[in-house]
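Trainee: I've never read a protein structure before. Could you walk me through one, feature by feature?

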Amino acid sequence: MREYIEEYLLWKATYAVPASISYRLPLQGLVKLDSLADVIEFKKSIESKYSDSTVAYAMTVLRDFIKYLNAN
């Protein structure tokens, strides 16, 4: 998963450098992404540590990452 995240962040940096930097933190906690259950597990793992707005942001980052994976 790490190699896909790094590839995504490098791609993101080609047109949105600040986003490529801020997206790194939410994606660091992502261990695997094989099913919807993994997404739910990731969300639950961050809900107890971060505010609702931060969790929402992380889920938006994750959504964008999944879109990237599906397009490539």
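We'll go from the whole chain down to single residues.

Mentor: One thing up front: this is a predicted model.

Trainee: Okay. How many helices and strands are there in the protein chain?

Mentor: Begin with the secondary structure. Here the protein chain has 5 helices and 0 strands, so along the sequence the pattern reads α-α-α-α-α. As for overall packing, the radius of gyration is 12 Å, close to the 11 Å that the globule rule gives for 72 residues, so the chain is as compact as a globular protein of that length.

Trainee: What does the C-alpha trace span along its principal axes?

Mentor: About 35 × 25 × 15 Å. You can also look at who touches whom: among contacts with a separation of 6 or more, 56% link residues 24 or more positions apart.

Trainee: And the surface? How much does the protein chain expose?

Mentor: The exposed area is about 4,900 Å², and carbon and sulfur atoms supply 59% of it. On the inside, 33% of the 72 residues count as buried. For charges, count the positive and negative side chains: there are 9 of each, and the centres of the two sets lie 4 Å apart.

Trainee: How do I read aromatic residues? Which of them form one cluster?

Mentor: Check the ring centres and the angle between planes. The cluster is made of Tyr8, Trp11, Tyr15, Tyr23, Tyr57, Phe65 and Tyr68. The count of aromatic pairs comes to 7. Take Trp11 and Tyr15: their ring centres are 5.1 Å apart and their planes sit at 70°, so this pair is edge-to-face. The cut-off you need is that planes over 60 degrees apart count as edge-to-face.

Trainee: Are those two buried, exposed or partly exposed?

Mentor: Use the relative accessible area: under 20% is buried, over 50% is exposed, and in between is partly exposed. Trp11 comes out at 38%, so it is partly exposed. Tyr15, at 49%, is partly exposed as well.

Trainee: Let me try a charged residue. Where is Lys43 found, and what is it in contact with?

Mentor: Lys43 is in helix α4, which covers residues 36-47. Skip its neighbours within four places in sequence, and Lys43 is in contact with Val55 and Met59. With 32% relative accessibility, Lys43 counts as partly exposed. You can check a distance too: the C-alpha atoms of Lys43 and Leu62 are 9.8 Å apart, while the two residues are 19 residues apart along the chain.

Trainee: What about Asp38, buried or exposed?

Mentor: Buried, because its relative accessibility is 7%. Asp38 also lies in helix α4. Leaving out residues up to four places away in sequence, Asp38 touches Lys32 and Leu33.

Trainee: And which helix holds Asp64?

Mentor: That's helix α5, residues 52-71. Asp64 has a relative accessible area of 17%, so it is buried. Beyond its neighbours within four places in sequence, Asp64 is in contact with Tyr8 and Tyr23, and both of these tyrosines belong to the aromatic cluster.

Trainee: Can we finish with Ala58? What does Ala58 touch?

Mentor: Pro26 and Ile46, not counting residues up to four places away in sequence. Ala58 is placed in helix α5, and at 5% relative accessibility it counts as buried. For a distance, try Ala58 and Ser35: they are 23 residues apart along the chain, and their C-alpha atoms are separated by 17 Å.

Methods. Residues are numbered from 1 along each chain as its sequence is written. This is a predicted model: local features need pLDDT of at least 70, side-chain atom pairs count only at pLDDT 80 or more; totals for chains, interfaces and linings use all residues. Side-chain values use heavy atoms; hydrogens and water are left out. Helices (H or I, at least four residues) and strands (E, at least two) are DSSP runs, numbered from the N terminus. The radius of gyration is taken over C-alpha atoms; the globule rule is 2.2 Å times the number of residues to the power 0.38. Buried means under 20% relative accessible area, exposed over 50%, partly exposed in between (1.4 Å probe, protein chains only). Contact means heavy atoms within 4.5 Å. Accessible areas come from the Shrake-Rupley method with a 1.4 Å probe; for residues, only the protein chains shown count as cover. Lys and Arg count as positive and Asp and Glu as negative; His and the chain ends are not counted. The place of a charge is taken as NZ of Lys, CZ of Arg, CG of Asp or CD of Glu. Rings of Phe, Tyr and Trp (its six-membered ring) pair if their centres lie within 6.5 Å; planes under 30 degrees apart count as stacked, over 60 as edge-to-face and the rest as tilted.
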